Amino acid sequence: MAVTTPKKMYRGAASLTNTTLYTVPASTQAVMTKLHVANTSASSQTFTISLNGTAIYSGVTIAANSGFTLDTAEVLAAAETISGLASATSVNFSINGVETV
């Protein structure tokens, strides 16, 4: 019987270069259910989020001192990745989901 577990996939500051934020473990399927992006700076910034190398949000502008939330159901197979970057490290990502083994 499959076991599904809620998972904090990533929580922290964005990098200025594309960085792997989460990799699905072997023999596991994952579903990204929520993406939060917060810009804590006094100026607009941009961010990009990719699933297994394919951008789902590319160069999206986020206003100063504001946030962005996406409720989703993006399915990822074993070894697939979530990656991201932003124009400043004042942008923070919080990615949540579930893993099924």
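Which residue in β7 is the bridge partner of I49? I looked this up before anything else, and the partner of I49 in β7 is G84.

**Entry 1. Ground rules**

I am working with a predicted model, where local features need pLDDT of at least 70, side-chain atom pairs count only at pLDDT 80 or more, and totals for chains, interfaces and linings use all residues. Residues are numbered from 1 along each chain as its sequence is written, and side-chain values use heavy atoms, with hydrogens and water left out.

**Entry 2. The sheet with β7**

I took strands as DSSP runs of E with at least two residues, numbered from the N terminus. I counted two strands as paired if DSSP finds at least two bridges between them. The I49 bridge belongs with the pairing of β4 and β7 (residues 81-86), which run antiparallel and are joined by five bridges. I traced an open sheet of four strands here, in the order β2-β7-β4-β5, with antiparallel pairing. Its edges are β2 (19-23) and β5 (54-62); each has a single partner strand, so one side of each is left without a neighbour in the sheet. Direction ignored, neighbouring strands of this sheet are turned by 20° against each other on average. The axes behind such angles are lines fitted to C-alpha atoms, and angles run from 0 to 180 degrees between N-to-C directions.

**Entry 3. The sheet with β8**

I found another open sheet of four antiparallel strands, ordered β1-β8-β3-β6. The edge strands β1 (4-13) and β6 (66-76) each pair on one side only. The average turn between neighbouring strands of this sheet is 15°, direction ignored.

I then followed β8 to its partners. Nine bridges join β8 to β1, and the two run antiparallel; G12 stands opposite F93 in β8. β3 and β8 also pair in the antiparallel sense, over 10 bridges. On that side I noted M32 opposite G97 and V31 opposite V98.

I checked how covered β8 is, with buried meaning under 20% relative accessible area, exposed over 50% and partly exposed in between (1.4 Å probe, protein chains only). Seven of the 10 residues of β8 are buried, so I logged the strand as mostly covered.

**Entry 4. N96**

Is N96 buried or exposed? N96, in strand β8 (residues 91-100), is buried at a relative accessible area of 19%. I listed its contacts (heavy atoms within 4.5 Å). Leaving aside neighbours within four places in sequence, N96 is in contact with K7, K8, M9, R11, V31, M32, T33, K34 and H36. R11 and N96 are 85 residues apart in sequence, with 8.6 Å from C-alpha to C-alpha.

**Entry 5. K34 and D71**

I searched the whole structure for salt bridges (a side-chain nitrogen of Lys or Arg within 4 Å of a carboxyl oxygen of Asp or Glu). The search finds one. It joins the side chains of K34 and D71, at 2.3 Å from N to O. K34 is in strand β3 and D71 in strand β6, so the salt bridge ties together parts that are 37 residues apart in sequence. K34 is partly exposed at 27% relative accessible area, whereas D71 is exposed at 57%.

**Entry 6. Rings around F47**

I paired rings of Phe, Tyr and Trp (its six-membered ring) if their centres lie within 6.5 Å, and called planes under 30 degrees apart stacked, over 60 edge-to-face and the rest tilted. The count comes to four aromatic pairs. F47 and Y57 have ring centres 6.4 Å apart and planes at 35°, so this pair is tilted. F47 lies in strand β4 and Y57 in strand β5, 10 residues apart in sequence. F47 is buried at 1% relative accessibility, while Y57 is partly exposed at 23%.

The rings of F47 and F68 are also tilted, with centres 5.4 Å apart and planes at 55°. This pair links strand β4 to strand β6, across 21 residues in sequence. F68 is partly exposed, at 23%. I recorded F47, Y57, F68 and F93 as one aromatic cluster.

**Entry 7. S41**

Where does S41 lie? I placed S41 in the loop between β3 (29-39) and β4 (45-51). S41 is buried, with a relative accessible area of 13%. Not counting residues up to four places away in sequence, S41 touches A64, N65 and S90. Its side chain has a polar contact of 3.3 Å with that of Q45. For polar contacts I used a pair of N or O atoms within 3.5 Å; within protein, one must be able to donate a hydrogen and the other to accept it, and residues adjacent in sequence count only if both atoms are side-chain atoms.
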